[in-house]
Amino acid sequence: MKNKNIKIILSIVGLIFILFSFKSLIQEDEWIVPEKYKTMKNPTDKSDKENMAIGKNLYSKHCKSCHGKEGYGDGSKAADQDGDLGDFSSEDTQDQTDGSLFYKITTGKDDMPNFKKKMSDDEDRWLIVNYMRTLVE
């Protein structure tokens, strides 16, 4: 009886270990955005046509090769990337706050480069966020 209880306990402990390992694998793929960015307000004027044109040009220069012209994740370099490039027209992307998108552009993750160095002006990254908002179906 004692051996049977020990086997049951070891099985439960093993199962718990496997479940926690699986959970951590799932969380590694999740892009965690710090709370301060989730609530961050976009300081640029979304209705300004010149700002929108600048955002579109910056997107074309820095993002289109991977994310594609329409933001579907089908750019010319998309096949060379390991991760999911997302679909900017999707509800999943469009439901994210401007601050969350800004954070992701700024910091990068995996194949997504860190654009803080490539675009040191925060306003440029905010203008790309504005342009991304136009990529809805």
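What follows is a chat about a predicted model, its helices and a few of its side-chain contacts.

Student: Before we start, what kind of model is this, and how are residues numbered?
Tutor: This is a predicted model, where local features need pLDDT of at least 70, side-chain atom pairs count only at pLDDT 80 or more, and totals for chains, interfaces and linings use all residues. Residues are numbered from 1 along each chain as its sequence is written, and side-chain values use heavy atoms, with hydrogens and water left out.

Student: OK, how many helices and strands does the protein have?
Tutor: There are 8 helices and 0 strands. Helices are DSSP runs of H or I with at least four residues, strands are runs of E with at least two, and both are numbered from the N terminus. Along the sequence the pattern reads α-α-α-α-α-α-α-α.

Student: What share of the residues is buried?
Tutor: Buried residues make up 33% of the 137 in the protein. Buried means under 20% relative accessible area, exposed means over 50%, and partly exposed is in between, with a 1.4 Å probe and protein chains only.

Student: Let's pick a helix. How many residues of H8 are buried?
Tutor: Helix H8 covers residues 122-132, and 8 of its 11 residues are buried. Among them are Arg125, Trp126, Ile128 and Met132.

Student: And what do those buried residues pack against?
Tutor: They pack against helix H3 (49-62), helix H5 (91-94), H6 and helix H7 (115-118). Contact here means heavy atoms within 4.5 Å.

Student: Tell me about H6 and H8. How do their axes cross?
Tutor: The two axes come within 9 Å and cross at roughly 120 degrees. That makes H6 oblique to H8. Axes are lines fitted to C-alpha atoms, for helices over the stretch in contact, and angles run from 0 to 180 degrees between N-to-C directions. On the naming, under 35 degrees is roughly parallel, over 145 roughly antiparallel, 65 to 115 roughly perpendicular, and the rest oblique.

Student: Left-handed or right-handed?
Tutor: The crossing of H6 and H8 is right-handed. A crossing gets that label if the near helix is turned clockwise from the far one by less than a right angle, and left-handed if anticlockwise.

Student: Which residues make the contact?
Tutor: H6 contributes Asp98, Gly99, Leu101, Phe102, Ile105 and Thr106, while H8 contributes Asp122, Arg125, Trp126, Ile128, Val129 and Met132.

Student: Thr106 caught my eye. Is that one buried or exposed?
Tutor: Thr106 counts as buried because its relative accessibility is 6%. This threonine sits in H6, residues 98-107. Leaving aside neighbours within four places in sequence, Thr106 is in contact with Asn114, Phe115, Lys116 and Arg125.

Student: Arg125 again! What does Arg125 form a salt bridge with?
Tutor: Its partner is Asp122, and the closest N and O atoms are 2.3 Å apart. A salt bridge is a side-chain nitrogen of Lys or Arg within 4 Å of a carboxyl oxygen of Asp or Glu.

Student: Where do those two sit relative to each other?
Tutor: Asp122 and Arg125 are 3 residues apart in H8, so about one helical turn separates them. An α-helix has 3.6 residues a turn, so residues three or four places apart point the same way. As for accessibility, Arg125 is buried at 0%, whereas Asp122 is partly exposed at 35%.

Student: How many salt bridges are there by that rule?
Tutor: The count comes to 5. One of them joins Glu35 and Lys38 at 3.8 Å, N to O. Glu35 is exposed at 53%, and Lys38 is partly exposed at 36%.

Student: Which other pair can you name?
Tutor: Lys109 and Asp110 meet at 3.4 Å, N to O. Lys109 is partly exposed at 22%, while Asp110 is exposed at 71%.

Student: Switching to loops: where does Thr97 lie?
Tutor: Thr97 is in the loop between H5 and H6, and it is partly exposed at 31%.

Student: What does Thr97 touch?
Tutor: Not counting residues up to four places away in sequence, Thr97 touches Tyr37, Lys38 and Arg133. A polar atom of the Thr97 side chain lies 2.9 Å from the backbone oxygen of Lys38. Thr39 is 58 residues from Thr97 in sequence, yet their C-alpha atoms are 7.3 Å apart.

Methods: Polar contact = N/O pair within 3.5 Å; in protein donor to acceptor, adjacent residues only side chain to side chain.
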